[in-house]
Amino acid sequence: MQRRRFLAASTLLGLPGAPVPAQPRTPVEIRMWTLLSGGDGARMQALVDAFNAGQRAVRVVSTTLKWGEPFYTKLITSSVVGAGPEIATIHLSRLPNLAGGGVLRPIADAELATAGLKGEDYFPRQWNKSRHAGRNYAIPLDMHPLVLYYNKTLAGKAGLLDGAGRLAPIEGYEALTAAFRVARERTGRAGLAMEANQSSFAIWRLWLSLLAQRKVPLIENGRFAYGSAGVEELAKISAWFSRGYAQAGLNYPASTSQFMGGGAAFMINGVWEVPEMVRTTRQRTLGFDYGIAPLPRLYQDASVWTDSHAFALPANEGRPLSPEKLRAALAFVAYVSRNSMGWAEGGHVPAYRPVAESAQARVLMPNAEYAAAARNVVYDPDGWYMGAAGPVESMASKFMPGALMGQLTPFEAMRMFETDAARLLRKAPPRY
């Protein structure tokens, strides 16, 4: 039994076979910092526990830190002074900042190969987003785009379902606006639930999606390039609130509660709310049947904002990873990739193609209803100032919601955002 365990450990770490030691080998301990909490945090911990229980060579110890800028500030600071973990979960939208700033360690193709990790096993868009300056700095785990949730009871009363009980196709801004309007008029409930208070991120993500659908660039040659289209799209979204189709000023929990409590026909949100929809449906506490569709095509295509969780290795200045710890860390990452079906149950689209394209994933509900969104995802533009809870997104969440709440005109909101954010575009990328 001891020999079988040792050989399994040797294979996991890429070590050659060796005589069985007198005592069980001490596992290589790998520390992981993650910003994943709630259901995502529980699913990641389950993967950690399963990995640790399945072999004796490596032990992963996971620590959850506060999401957003607190996490990234701690990760940057700790890596600079050599006190960071061996693995961190990050957003790919933050990669230009973290990799370009020297916070992360590049991962060579030969190192990936020792764990059986190959770029062709991941979706090209996510694998390319994991690279910076021609080198690989992360291994993607998923993509989590915006989607359109709908209450089948309310949508049915509004005449918005097809013969199969699914949302009838919606194409174009006017068609989507009409769906919100009709739902409001015929049901007496809100047409749309979406967070819209100051510090909300939903408006930024939706606004970026619509610019991408119009093929309007956000940034070109170090300057904001969206021009009048930026004001136009913010005004069109704001109209849903000013006309009473959506309730202004709701924070994130209030907006999700409004939809899940049956108070709105539609909700624009990320796929991360899928587990709660599944849970409440199973417990029969939701009160209605629901469906999920990709964000509709309003302009030239169905582009939609997404971000991706990924694994990265902090550089830890002065304390480089030993070959043994490197192999152990990548063995864990490979395990999670190959066992990411459980991660998909959190609503995410796995980035690892053998899982994402498996028969099991293709029939997983409700994920199968919005799987097509994965073909149209777009990220924040590359830039040290971009990404999840990054400086530009934070500035957008400060000013853009003012237009949704009627405190600012769309023109004023965009002018204030651009005045504040433009100075970041002129700054040299930081080297931490």
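Entry 1, the cavity lining. I looked up which elements line the largest cavity of this predicted model, and found that helix H9 (202-213), helix H11 (252-260) and strand E12 (264-270) each supply at least two residues of that lining. I then noted which element gives the largest share, and it is E12, with 4 residues.

Entry 2, the cavity itself. My search of the whole structure returned 1 cavity of 30 Å³ or more, and for the largest cavity I recorded a volume of about 60 Å³. The lining consists of 13 residues, of which Glu195, Ala202, Tyr252, Ile268 and Asn269 are the closest to the centre of the cavity. Sorting the lining by class, I counted 8 nonpolar, 3 polar and 2 charged residues.

Entry 3, Thr89. I turned next to Thr89, which I located in strand E3, a run covering residues 87-91. Is Thr89 buried or exposed? I enter Thr89 as buried, because its relative accessible area is 2%, and the cut-off for that label is under 20%.

Entry 4, the surroundings of Thr89. Leaving aside residues up to four places away in sequence, I listed Met32, Trp33, Thr34, Leu35, Leu36, Phe71, Ala310 and Phe311 as the residues that Thr89 touches. With which side chain does the side chain of Thr89 make a polar contact? I found that the partner is the side chain of Thr34, at 2.9 Å, and I note that Thr34 also stands in the list of residues touched by Thr89.

Terms used:
Residues are numbered from 1 along each chain as its sequence is written. This is a predicted model: local features need pLDDT of at least 70, side-chain atom pairs count only at pLDDT 80 or more; totals for chains, interfaces and linings use all residues. Side-chain values use heavy atoms; hydrogens and water are left out. Buried means under 20% relative accessible area, exposed over 50%, partly exposed in between (1.4 Å probe, protein chains only). A polar contact is a pair of N or O atoms within 3.5 Å; within protein, one must be able to donate a hydrogen and the other to accept it, and residues adjacent in sequence count only if both atoms are side-chain atoms. Contact means heavy atoms within 4.5 Å. On a 1 Å grid over the protein atoms alone, a cavity is a set of points where a 1.4 Å probe fits but cannot get out, and a pocket is an open set with protein on both sides within 12 Å along at least five of seven lines; lining residues have an atom within 4 Å of a point. Grid points are joined across faces, edges and corners, and a volume is the space filled by probe spheres set on the points. Ala, Val, Leu, Ile, Met, Phe, Trp, Tyr, Cys and Pro count as nonpolar, Asp, Glu, Lys and Arg as charged, and the others, Gly among them, as polar.
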